[in-house]
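Reader: I am new to this structure. Please walk me through its side-chain pairs, one question at a time.

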Amino acid sequence: MRMYLLSSDDDTLTGFRLAGVEGTLVESEDELRAAFDFARKEETIGIALVTRSLSAAYPSAVLEEKKRSGILITEIPDMKNPDVGTDSITAYVRDAVGIQL
């Protein structure tokens, strides 16, 4: 099972490609829907990563796909909307287990 990146940011796409994750640059809602169709039809893709900027630009299309798709769709930070100042792993442990790290 592999991941597939849908990004509106070329830098994020390039970084993920260097890490071995294929993806596509999306610049319109029609391109987003076409990329979701491709990911859904490709049997080896199990996770679609969507950048926050793209999700914010087309929230209804992303939500619609989350409801109908058989693949896991998750939002990730990108160059335009980074996760500045958050330590998500520490927050996850604190919230899930109740241990302050």
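**Side-chain pairs**

Author: D37, R40, E65 and R68 are linked in a network of salt bridges. The model is a predicted one.

Reader: How many salt bridges does the count come to?
Author: Side chains of opposite charge can pair when their charged atoms come close. A salt bridge needs a side-chain nitrogen of Lys or Arg within 4 Å of a carboxyl oxygen of Asp or Glu. By this rule, the count is eight.

Reader: How far apart are the closest N and O atoms of E22 and R2?
Author: E22 sits in strand β2 (residues 22-25) and R2 in strand β1. The two are 20 residues apart, so this pair links distant parts of the chain. Their salt bridge has its closest N and O atoms separated by 3.3 Å.

Reader: Is R2 buried, exposed or partly exposed?
Author: Buried means under 20% relative accessible area, and exposed means over 50%. R2 has 24%, so it falls in between. Its partner E22, at 46%, also counts as partly exposed. For R2 the class is partly exposed.

Reader: Which parts of the chain does the pair of E42 and R2 tie together, and how many residues apart are they?
Author: The side chains of E42 and R2 meet in a salt bridge at 3.5 Å, N to O. E42 lies in the loop between α2 and β3 (45-51), while R2 is in strand β1, so the pair ties together parts whose separation in sequence is 40 residues.

Reader: What is the relative accessibility of E42?
Author: Buried would need a value under 20%, and exposed one over 50%. E42 counts as partly exposed, because its relative accessibility is 29%.

Reader: Where do R33 and E29 lie?
Author: R33 forms a salt bridge with E29, with the closest N and O atoms 2.7 Å apart. R33 is partly exposed at 29% relative accessibility. E29 is partly exposed too, with a relative accessible area of 29%. The two are four residues apart, about one turn, and both lie in helix α2.

Reader: Is the pair of Y4 and F38 stacked, edge-to-face or tilted?
Author: The structure holds one aromatic pair. Planes under 30 degrees apart count as stacked, and over 60 as edge-to-face. The rings of Y4 and F38 have centres 5.2 Å apart and planes at 50°, so the pair is tilted.

Reader: How many residues apart are Y4 and F38?
Author: Y4 belongs to strand β1 (residues 2-7). F38 belongs to helix α2 (residues 29-41). The pair links distant parts of the chain, and its separation is 34 residues.

Reader: Is Y4 buried or exposed?
Author: The limit for buried is under 20% relative accessible area. F38 has 36%, so F38 is partly exposed. Y4 has 7%, so Y4 counts as buried.

Reader: Which side chain makes a polar contact with the side chain of E75?
Author: E75 lies in strand β4 (residues 72-76). Leaving aside neighbours within four places in sequence, E75 is in contact with V50, R52, S55 and K66. At 2.8 Å, the polar contact is with the side chain of S55.

Reader: What distance separates the C-alpha atoms of E75 and R52?
Author: E75 counts as partly exposed, at 36% relative accessibility. R52 is 23 residues from E75 along the chain. Their C-alpha atoms are separated by 5.7 Å.

Key:
Residues are numbered from 1 along each chain as its sequence is written. This is a predicted model: local features need pLDDT of at least 70, side-chain atom pairs count only at pLDDT 80 or more; totals for chains, interfaces and linings use all residues. Side-chain values use heavy atoms; hydrogens and water are left out. Rings of Phe, Tyr and Trp (its six-membered ring) pair if their centres lie within 6.5 Å; planes under 30 degrees apart count as stacked, over 60 as edge-to-face and the rest as tilted. Buried means under 20% relative accessible area, exposed over 50%, partly exposed in between (1.4 Å probe, protein chains only). Contact means heavy atoms within 4.5 Å. A polar contact is a pair of N or O atoms within 3.5 Å; within protein, one must be able to donate a hydrogen and the other to accept it, and residues adjacent in sequence count only if both atoms are side-chain atoms.
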